[in-house]
Amino acid sequence: MDTCTVETGLLRKAPCGHTAVAKCANCERPLCSKHAIAQTNAGKKTGAFMCAECNAANRAYEKAAARAPQAAPKPAAPRPSAPRPAAPAPAAKAPAQPAAAPAKPDEDSLGSIDFTPSKK
């Protein structure tokens, strides 16, 4: 049979040790009747129990969720169909210039390192 694992004591923390009657609905820690906090939903007991730490975290979450504004999904507004601008007329072709020879890159700027071991 499980025993309650909630730590008690001010200076010397130790497990409660009483016989567990329930488990925490969140962390599944064994709880005795003294440390089990009954959960309620709209004033009615749900039959679930939580430890004090999980209950405090649950209440803080519910309080923050109630405070947060509920963002309703916005309906997609139809985009106004604006007339497309006319395509520009093709420009007159400039006389072709001879292609410049590509500059030879420096061997140092290639980024590769070539290493050839030498025999001594």
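**View 1. Cys32 and Cys54 each have a cysteine sulfur as neighbour, without a bond between them.** In this predicted model, the sulfur of Cys32 has its closest cysteine sulfur in Cys4 at 3.7 Å, which is too far for a bond. For Cys54 the closest cysteine sulfur belongs to Cys51, and the separation of 3.5 Å is likewise too far for a bond. A disulfide is a covalent bond between the sulfur atoms of two cysteines. The criterion applied here is a pair of cysteine sulfur atoms within 2.5 Å, and a search of the whole structure by that criterion finds 0 disulfides. Cys32 is buried at 2% relative accessibility, and Cys54 is also buried, at 12%; buried stands for under 20% relative accessible area, exposed for over 50%, and partly exposed for values in between, with a 1.4 Å probe and protein chains only. Residues are numbered from 1 along each chain as its sequence is written. Because the model is predicted, local features need pLDDT of at least 70 and side-chain atom pairs count only at pLDDT 80 or more, whereas totals for chains, interfaces and linings use all residues, and side-chain values use heavy atoms, with hydrogens and water left out.

**View 2. The largest nonpolar core brings together 10 residues, several cysteines among them.** Its members are Cys4, Val6, Cys16, Cys24, Leu31, Cys32, Ala36, Met50, Cys51 and Cys54. A nonpolar core is defined as a set of buried Ala, Val, Leu, Ile, Met, Phe, Trp, Tyr and Cys residues that are joined through side-chain atoms within 4.5 Å. Cys24, one of these members, is in contact (heavy atoms within 4.5 Å) with Arg29, Leu31, Phe49, Met50, Cys51 and Cys54, when residues up to four places away in sequence are not counted.

**View 3. His35 is a buried loop residue with cysteines among its contacts.** His35 is found in the loop between β4 (30–31) and β5 (37–41), where strands (E, at least two residues) and helices (H or I, at least four) are DSSP runs numbered from the N terminus. The relative accessible area of His35 is 17%, so this residue counts as buried. Leaving aside residues up to four places away in sequence, His35 touches Cys4, Val6, Thr8, Cys16, Met50 and Cys51.

**View 4. Strands β5 and β6 form a hairpin.** β5 pairs with β6 (residues 44–50) in the antiparallel sense over 4 bridges, and strands are taken to pair if DSSP finds at least two bridges between them. One of the residues with a bridge partner is Thr40, whose partner in β6 is Lys45. The hairpin has 2 residues between its strands. Ala42, in the loop between β5 and β6, has a positive phi of about 60° although it is not a glycine, and at 77% relative accessibility Ala42 is exposed.

**View 5. Gln39, in strand β5, makes a side-chain polar contact with Asn55.** The two side chains meet at 3.3 Å; a polar contact is a pair of N or O atoms within 3.5 Å, where within protein one must be able to donate a hydrogen and the other to accept it, and residues adjacent in sequence count only if both atoms are side-chain atoms. Gln39 is buried, with a relative accessibility of 11%. Apart from residues up to four places away in sequence, Gln39 touches Lys44, Lys45, Thr46, Gly47, Ala48, Phe49, Met50, Asn55 and Asn58.

**View 6. Arg29 and Glu53 meet through their side chains in a salt bridge.** The N to O distance is 3.3 Å, and the pair links distant parts of the chain, with Arg29 in the loop between β3 (22–23) and β4, Glu53 in helix α1 (residues 52–67), and their positions 24 residues apart in sequence. The structure holds 1 salt bridge, a term that requires a side-chain nitrogen of Lys or Arg within 4 Å of a carboxyl oxygen of Asp or Glu. Arg29 is partly exposed at a relative accessible area of 26%, and Glu53 is partly exposed at 48%. Glu28, which also lies in the loop between β3 and β4, has a positive phi of about 60° although it is not a glycine, and this residue is exposed at 56% relative accessibility.
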